Amino acid sequence: AGHILAVLKPSTDESDSGCLSEQQRQLLKQQITPQLLQQLTHTACLRQSNHEIQDIAAFAATASIPRYVILDHLQQAVQQRQTSVATALFAFQQAQSIDAGQLVGLLQQALQNRDSSTVAQLACSNVLEDRGMTLPACNSLTAEAVYELVAMALQYLPLEHRTINVLLQLPAAQRFSADAVAQLLQLAIHSIPPSNTEVPRDETTQLLVQGHPIRVLLQLPAAAGIAADTVAILMHFTIEQGCYYRAQLLLQQEAALNMQAHHLVELLQTLFQHSPDAHEAKWKTVKAIRLLPAAAEVSTKDVTQLLRSQTGNAIVLQWLLGLPGSRGLDTATLSQLLLFHHSRPQLMKQLLDLPAAQLLESAAVQMLLDATLFAAQTLPMGAPVGSEDCVAILCKLPAAAKLDAERVITWTQVRTSAFRRQCICV
């Protein structure tokens, strides 16, 4: 095949006496039959000679080669993971005219072979753009067919983001239903393992995650129709995996604005139960949940339960105290939290700003002042910065008026003069 094709090509060496003239080449071309070209194509495919395949396809007589012959070569190339051969065969008109069903079959075969290169080539509607042609079958695929292909890609090639995205860029993906997008999102969240780009730390990393299939799925038109209940379910999956960045993407969806208070409470519970680490992105997720409209509807009872479950976690408490429902916290819970965090002035000031602080009993105020004094006397660096502000607030509470004067004098026996002046001024 290579020898015949070489003879038919014009020679650039005029001194080559053995080269055929242009007239002789044209006569020889006329004698080349479709049967000979069919045999040459078979040989070129066996040799995996892409250039020969493309040169053979340039002959007008190839139009008479039976369509099934070229399709058989194409199927064999896909089965044998010969991406370059399959691509070269699209130079034949017979390959370009495959229907949607045949294209789906080829894509399914490539996916089962975990052949990401062939999938990407077959699914690109501009696979033949170097010859100014397109593959019409790509535009004829149904939404149901593309859905099945994307699902297969997530199953067989979960790490090949580019391949998944090529399928999602097919025209039919724009016609997915909201339920289809939701199901693919659930499959993607379960199938695609978290990577070090899940939580962007700088601009470069943020650019890397722009092409994440989950982001691409959320950008499809039907994603806007996903129900709030579905968003909440998907968020549970991402939180259980510790994929906070994915959770934040879901929170950016319009449906997240329609989540109800019970959704938020359940999400926070899942976040605290399955994500004990102190990852920065975790707190960003908590903050994003706290800023949703339904956060204002979270009851004091639910906030109290959340606060009690996180008594020892100062960072979580600070975020939870931003919920409006925390304003109704009872004095018993408030006393417990204040006593537990008496050495954290910033958190104490947040807690003392709650209405329940005005209802604290004198015994509780006395215990808090004693605990603060103990910390000041025993900690290597004395009272933490801001402790004097907390003492001043405690001494101005209604219950402080009932405290014994001698104990107030004792509280002035601390290391820092600033702390002492605060107590004396009171």
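User: What is the handedness of the crossing where helix 22 passes helix 23?
Analyst: This is a predicted model, where local features need pLDDT of at least 70, side-chain atom pairs 80 or more, and totals for chains, interfaces and linings use all residues. Residues count from 1 along each chain, and side-chain values use heavy atoms, without hydrogens or water. Helices are DSSP runs (H or I, at least four residues) numbered from the N terminus. Helix 22 passes helix 23 in a crossing that is left-handed (near helix turned anticlockwise from the far one by less than a right angle).

User: At roughly what angle do the axes of helix 22 and helix 23 cross?
Analyst: Helix 22 spans residues 331-340 and helix 23 spans 345-352. Their axes (lines fitted to C-alpha atoms over the stretch in contact; angles 0 to 180 degrees between N-to-C directions) come within 9 Å. The pair is roughly antiparallel (over 145 degrees), as the axes cross at roughly 165 degrees.

User: How many nonpolar residues are in the contact of helix 22 with helix 23?
Analyst: Helix 22 gives L334, L337 and L338 to the contact (heavy atoms within 4.5 Å), and helix 23 gives M348, L351 and L352. No polar and no charged residues take part. Nonpolar (here Leu and Met) residues number 6.

User: Is S116 buried or exposed?
Analyst: S116 sits in helix 9. Beyond neighbours within four places in sequence, S116 contacts L157, E160 and T163. Its relative accessible area is 18%. The cut-off is under 20% (1.4 Å probe, protein chains only), so S116 is buried.

User: Which side chain does a polar contact of 2.9 Å join to that of H236?
Analyst: H236 lies in helix 16 and is buried at 17%. Not counting residues up to four places away, H236 touches E266, L267 and T270. The polar contact (N or O atoms within 3.5 Å, one able to donate a hydrogen and the other to accept it) joins H236 to T270.

Definitions and conventions
Helix = DSSP H or I, 4+ residues; strand = E, 2+ residues; numbered from the N terminus. Parallel < 35°, antiparallel > 145°, perpendicular 65-115°, else oblique. Buried < 20%, exposed > 50% of the residue type's maximum accessible area, 1.4 Å probe, protein only.
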